[in-house]
Amino acid sequence: MSDTADHLTSTPWSYPGAAITRSTLLLPDCDHDIDPVHGRRLGAARTSRCDQCREGKRTRSVPLGHELRRWNSMILDSRTPVVSIGSNSSAAVLRRKMNNAGLSIVLPCLTGTLGNIAVGHSAHASKGGYIPAAPYLRPGTVTPVVVAFLDERQLDALDRTEPNYSRVTLRAPAHALTLA
C-alpha cells in the first residue's frame, strides 16, 4: 500500500493527510473494517477481512481479538488508547512512522468523538514545512477523533516522532470519549 499521497515531508500542503474515517485494523498491506458489537468487549468486535486476507479462509468476519492473535500481535488489554490529532489520524502516516521505527503495523484504530477539546494549530512550523495541528481546551465542543490502540513499542515510537508535544492523560467526565 503506497503512502505517497500522505508523505507530508514531500507534500506539506496536504497536511494533515487523509484521516481514518471508519474504525479500522491497520495491517502492513491492507485495512480491515472494525464493527463493534453492542454490549460486548472491544476484543469481540468483528473485523471484516479484505479479499486478500480472506483467501483460503472460510470466514470473512472474525473477532478483533482473534485477528490480533492471528497476526501475533498484542491483545487490546495490553495496549494504550491514544487520541490521535492531526497527521496521526492518517493511516498512511501511522504506517510510515511504525515502518521507520521497524515496528509491527498491526494497529487497531477506532473513530469516535472527544468532548471539550478542539483542534487548532501549533505555534511552530515543522521540519517538513507544515503547521501542525494541536488540541486545545474548548468547553462545549465535541470533536471527531481517531483513537489508536498502541502497544508499548508503538507508543514509544509515536512519542519520539512528536518532539514538540507531551502526551497527557484525559479524564472523564471533563473529556468524554465516545467510540463509534
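This is a chat about the fold, the cores and some single residues of a predicted model.

Reader: Hi! Which helices and strands am I looking at, and how many of each?

Author: Hello! This is a predicted model, and its protein chain has four helices and eight strands. Going along the sequence, they come in the order β-β-β-α-β-α-β-α-β-β-α-β.

Reader: And what is the radius of gyration like for a chain with 180 residues?

Author: The chain has 16 Å, which agrees with the value near 16 Å that a compact globule of 180 residues would have. Along the principal axes, the C-alpha atoms fill a box of roughly 50 × 40 × 25 Å.

Reader: What share of the residues is buried?

Author: Of the 180 residues, 44% count as buried. As for the surface, the chain exposes about 10100 Å², and carbon and sulfur atoms supply 52% of that.

Reader: What about contacts between residues 24 or more positions apart?

Author: Such pairs make up 62% of the contacts that have a separation of 6 or more.

Reader: Okay, on to the inside. Which residues have the most contacts in the largest nonpolar core?

Author: Those are L25, I34, L64 and L68, in a core of 21 residues. Two or more residues come from each of α2 (64-70), β6 and β7. The largest share is that of β7, with four residues. There is also a second, separate core of 16 residues, and V82, L94, L150 and A157 are among them.

Reader: Back to L25 for a second. What is it in contact with, apart from its sequence neighbours?

Author: Leaving out residues within four places in sequence, L25 is in contact with C30, D31, H32, I34, L64, E67, L68, V106, L107 and P108. I34, L64 and L68 in that list are also named among the residues with the most contacts inside the core.

Reader: T24 sits just before it. Is T24 buried or exposed?

Author: T24 is in strand β1, which covers residues 24-26. It counts as buried because its relative accessibility is 7%, and the cut-off for buried is under 20%.

Reader: Where does the T24 side chain reach?

Author: It reaches the backbone oxygen of R22, at 2.5 Å. Beyond four places in sequence, T24 is in contact with D31, H32, I34, L107, P108 and C109.

Reader: You mentioned A157 earlier. Which residues of α4 are buried?

Author: In α4 (residues 152-160), Q154, L155, A157 and L158 are buried. Looking down the helix axis, these buried residues fall within an arc of 165°, so they line one face of α4.

Reader: And which exposed residues does the face turned away carry?

Author: That face of α4 carries E152, R153 and R160.

Reader: What covers the buried residues of α4, then?

Author: The cover includes β5 (80-84), α3 (91-100), β6 (107-121) and β7 (133-150).

Reader: Nice. What goes on at the start of α4?

Author: There, a side-chain oxygen of D151 comes to within 3.1 Å of the backbone nitrogen of R153.

Reader: Switching to β7: what does V147 touch?

Author: V147 lies in strand β7 and is buried, with a relative accessible area of 1%. Not counting residues up to four places away in sequence, V147 touches P81, V82, V83, P108, C109, L110, L177 and L179.

Reader: Now the oddities. Where is there a cis peptide bond?

Author: It joins A172 and P173, with omega about 5°. P173 is in the loop between α4 and β8 (177-179).

Reader: And which residue other than glycine has a positive phi near 55°?

Author: That is N72, in the loop between α2 and β5. N72 counts as exposed, at 74% relative accessibility. N116 is not a glycine either, and it has a positive phi of about 65°. N116 lies in strand β6 and is partly exposed, with a relative accessible area of 23%.

Reader: Last one: how far apart are S10 and G128 in sequence and in space?

Author: They are 118 residues apart in sequence and 7.5 Å apart in space, C-alpha to C-alpha. S10 belongs to the segment before β1, and at 46% relative accessibility it counts as partly exposed.

Conventions: Residues numbered from 1 in each chain as written. Predicted model: local features only at pLDDT ≥ 70, side-chain atom pairs only at ≥ 80, totals over all residues. Heavy atoms only, no water. Buried < 20%, exposed > 50% of the residue type's maximum accessible area, 1.4 Å probe, protein only. Arc of directions from axis to C-beta. Contact = heavy atoms within 4.5 Å. Polar contact = N/O pair within 3.5 Å; in protein donor to acceptor, adjacent residues only side chain to side chain. Core = buried A, V, L, I, M, F, W, Y, C linked by side-chain atoms within 4.5 Å. Rg over C-alpha atoms; globule rule 2.2 N^0.38 Å. Areas by Shrake-Rupley, 256 points an atom, 1.4 Å probe, with all protein chains shown as cover.
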